Amino acid sequence: MKIITGGVGKAHVADALKPLVRPEDEVVVGSDMQAGMALRNGTADYYLGTCHTGAGASLGVLVGLLGSARCHTFGRGVPSAEAVAAAVGSGAVALGFAIDQIDDVVPVVWGVLDAQR
Amino acid sequence: MGAAQGAINFQIWQSIVVMLVCGIGAVLAQQALAVFNDGVRPFLLDFIQGRTARPAMAAIAFGLSAGFIFGLGAPMALATTVLNPWLLFLPVEILGLLAPRKWIAAIAGVAWGAVCSFGLVGATQVASLLPVDFLGSLQSMSGPILWLFALFPVIAITRQFGKMWGAISFGAELLVVLFIVKAAEWWGWSVFAPSVAMALGVVMLIVLALVKDHREKRAGNLVTSAEDEAVMDELFGPNAARLRKNIVWFMALGTGVAMVAASGIFGGGEATSFLIAKGDFAGAAALDAVRVLGFVPLIVTTALASGAYAMAGITIVYPIGYLIATLNLPVPATLGLAAVAGAAVFGAEILGVAAIGRWLGRWPSLRDSSDHIRNGITESLGLAILIGSLMAANTMGGGMGMLIVGGLYLLNEAMGKPVVRMAAGPAAVIVAGILLNLMTWVGLFTPIAAG
């Protein structure tokens, strides 16, 4: 599974994600533009974006490149595993959340992505 | 500390300028042409295309902005007695998005401008009469904010280019500060040392980014495919056209923002308000000019992706406005000059937005730096605001003050951060201030002398 992180807290998200993933998974610190292109042509599986609100800088370009149906924001909150599963199940591949919640959100999101493969 | 100067000098023409810019801002938000909150912009795409109703759109904007209005904008304004974009523009865009007609938006915006400009003066006057002067104590935040803000490039460099460059840039900034401080002693230089250090850090960051991309390009690792650019042109083209079609509105907005920045009662960046309050307009201009770099890619790409622009553009009008204020011209000349400059800058920004977006696409490390810059600002400012809040707590209530402020901050963390982390400290100081005044009133607390 290839995950691109982007937005304000991208380095922090990658740091939180790397201890969790399996050896064959790839975590790339990237940018929203690059991630949008990679998700369009299928060279990446998911994008995790972060900003102050969880919605704007994290997903702005992705909404333009992928359409709002494939983007989902958890806003400033910490979602439950069910909420993540529901978002991913309905086709969201670009997920946005707030930078001050990174440590709490990343394990929940990864748990769902890991279970779904 | 002359921070109270701002409020005392709040003259009627300054209030009129504030009301004017709020009115214009609301009219642009009403048409979904400009919003200040970068988080709101992506949602505007659905609103512009008619898939989101007006009340729902306003509710989204309120949800995304509330924490920044009450947690960042209001405490910052009370601490500095200077207005800021979070307090002015975030409510204005909510009112604008809510208003069914342009003229209603204009009236609501003007009304909010009046509430802010007259309310701030009233609030600071009332607070200074209280036994525990908690607004005065908020001024102790300015030290940590002004000095630690200068380190944001170091954090950005460390995150983007690793430990070694991080340590080098920290050392370099430290040397610069040392040199400037000594130069002030020896030769009477009057430059604000952290501003120079910060500028050096930002230059280092940009050079590192450009060198990296240049090397990658030469090695052939960095090929921007024509296909990618075609996709972007197709997606972003109509949005750029929408912005260009409304250029007159944007020039009107630029006029307002530049005038308010030139009025000496408004600070655009997180640390700028403290300098504006002291009357250091040149220092504020240096600070916000550097800060622009962190926001250009964000604002340009979200604008191209959504078809709505930012209330302050790429924020370069802020430093231009402050610089006009340093000229000490008569009021009509200051406002006239600012109006012309603001209209010109916004016009140029709108015409250039598509070209800037395409250019940034070819320099990925520079785009990358912009994310790290904003992260660096958040991290350095987060620490400064937290420490500043505890210092304010100590000034106003000693151990008891620190217990209440620190306790509220920790409680907010443990509760899952209902208040944005950066705003939790100042909000706690205000709550503690009210609490300590009530306790004094019932005889449970003795104010610390000379607060």
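This talk goes through a predicted model of two chains, A and B, beginning with confidence and ending with individual loop residues.

Good morning. Let me begin with the scores. The model has an ipTM of 0.75 and a pTM of 0.84. Chain A has a mean pLDDT of 88, with 98% of its residues at 70 or more. Chain B likewise averages 88, and 96% of its residues score at least 70.

Those averages can be broken down by element. In chain A, the lowest mean pLDDT among the elements, 77, belongs to α3(A), and the highest, 93, to α1(A). In chain B, helix α1, residues 5-8, has the lowest mean at 46, whereas helix α13, residues 247-262, has the highest at 97. Over residues 1-7 of chain B, pLDDT stays under 50, and the model has 20 contacts beyond four places in sequence for that stretch. I would ask you to keep the value for α3(A) in mind, a mean pLDDT of 77, as we turn to the interface.

How many residues of each chain are in contact with the other? On chain A there are 25, and they are in contact with 29 residues of chain B. The elements of chain A that give two or more residues to this side are α1 (10-17), α2 (32-40) and α3 (56-66). Of these, α3(A) supplies the largest share, eight residues. The element of chain A with the lowest mean pLDDT is therefore also the one that gives the largest share of that side. By residue class, the side of chain A that touches chain B divides into 13 nonpolar, 10 polar and two charged residues.

I now move to the interior. In soluble globular proteins, nonpolar side chains tend to be buried together. The largest nonpolar core in this model has 198 residues. Those with the most contacts inside it are L62(A), V109(A), A26(B), A34(B), L83(B) and I145(B). Taking L83(B) as a case, and leaving out residues up to four places away in sequence, we find that it touches V18(B), A77(B), L88(B), C116(B), L120(B), I265(B) and F266(B).

Two of those partners, C116(B) and L120(B), bring us to helix α6(B), in which both are buried. This helix covers residues 102-129 of chain B, 28 residues in total, and reaches 41 Å from its first C-alpha to its last, close to the 40 Å expected. Where is the kink in α6(B) centred? It is centred on G119(B), and the angle is about 30 degrees. Other buried residues of α6(B) include A105(B), G109(B), W112(B) and T124(B).

The second helix I wish to discuss is α11(B). It has 26 residues and reaches 38 Å from first C-alpha to last, close to the 38 Å expected. Its buried residues include A193(B), P194(B), M198(B), G201(B), L205(B) and A209(B). What covers the buried residues of α11(B)? The cover includes α8 (142-148), α9 (152-161), α10 (163-187), α15 (281-306) and α18 (364-414) of chain B. Just after the helix, G220(B) takes a positive phi of about 80 degrees.

Within α11(B), consider M198(B). Why does M198(B) count as buried? Because it has 26 C-beta neighbours inside 10 Å, and the cut-off is 20 or more. Beyond four places in sequence, M198(B) is in contact with A150(B), P153(B) and V290(B). The C-alpha atoms of M198(B) and I145(B), which are 53 residues apart along the chain, are separated by 13 Å.

I close with three loop residues of chain B. I314(B) sits between β2 (309-310) and α16 (317-326), and counts as buried because it has 23 C-beta neighbours inside 10 Å. Its contacts beyond four places in sequence are V292(B), F295(B), V296(B), I299(B) and E349(B). E349(B) is 35 residues away along the chain, with a C-alpha separation of 7.8 Å.

The other two have positive phi values although neither is a glycine. A32(B), in the loop between α2 (12-30) and β1 (34-35), has a phi of about 55 degrees and is buried, with 24 other C-beta atoms within 10 Å. T81(B) lies in the loop between α4 (54-80) and α5 (85-98). Its phi is about 60 degrees, and it too is buried, with 26 other C-beta atoms within 10 Å.

Thank you for your attention.

Key
Residues are numbered from 1 along each chain as its sequence is written. Chains are lettered from A and ligands numbered from 1 in the order in which they are written. Two residues are in contact if their C-beta atoms, placed from the backbone, lie within 7 Å. Helices (H or I, at least four residues) and strands (E, at least two) are DSSP runs, numbered from the N terminus. Ala, Val, Leu, Ile, Met, Phe, Trp, Tyr, Cys and Pro count as nonpolar, Asp, Glu, Lys and Arg as charged, and the others, Gly among them, as polar. A residue is buried if 20 or more other C-beta atoms lie within 10 Å of its own, exposed if 12 or fewer, and partly exposed in between; C-beta atoms are placed from the backbone. A nonpolar core is a set of buried Ala, Val, Leu, Ile, Met, Phe, Trp, Tyr and Cys residues joined through C-beta atoms within 7 Å. The expected span of a helix is 1.5 Å times one less than its number of residues. The bend at a residue is the angle between axes fitted to the seven residues ending there and the seven starting there. pLDDT is the predictor's confidence in each residue, from 0 to 100.
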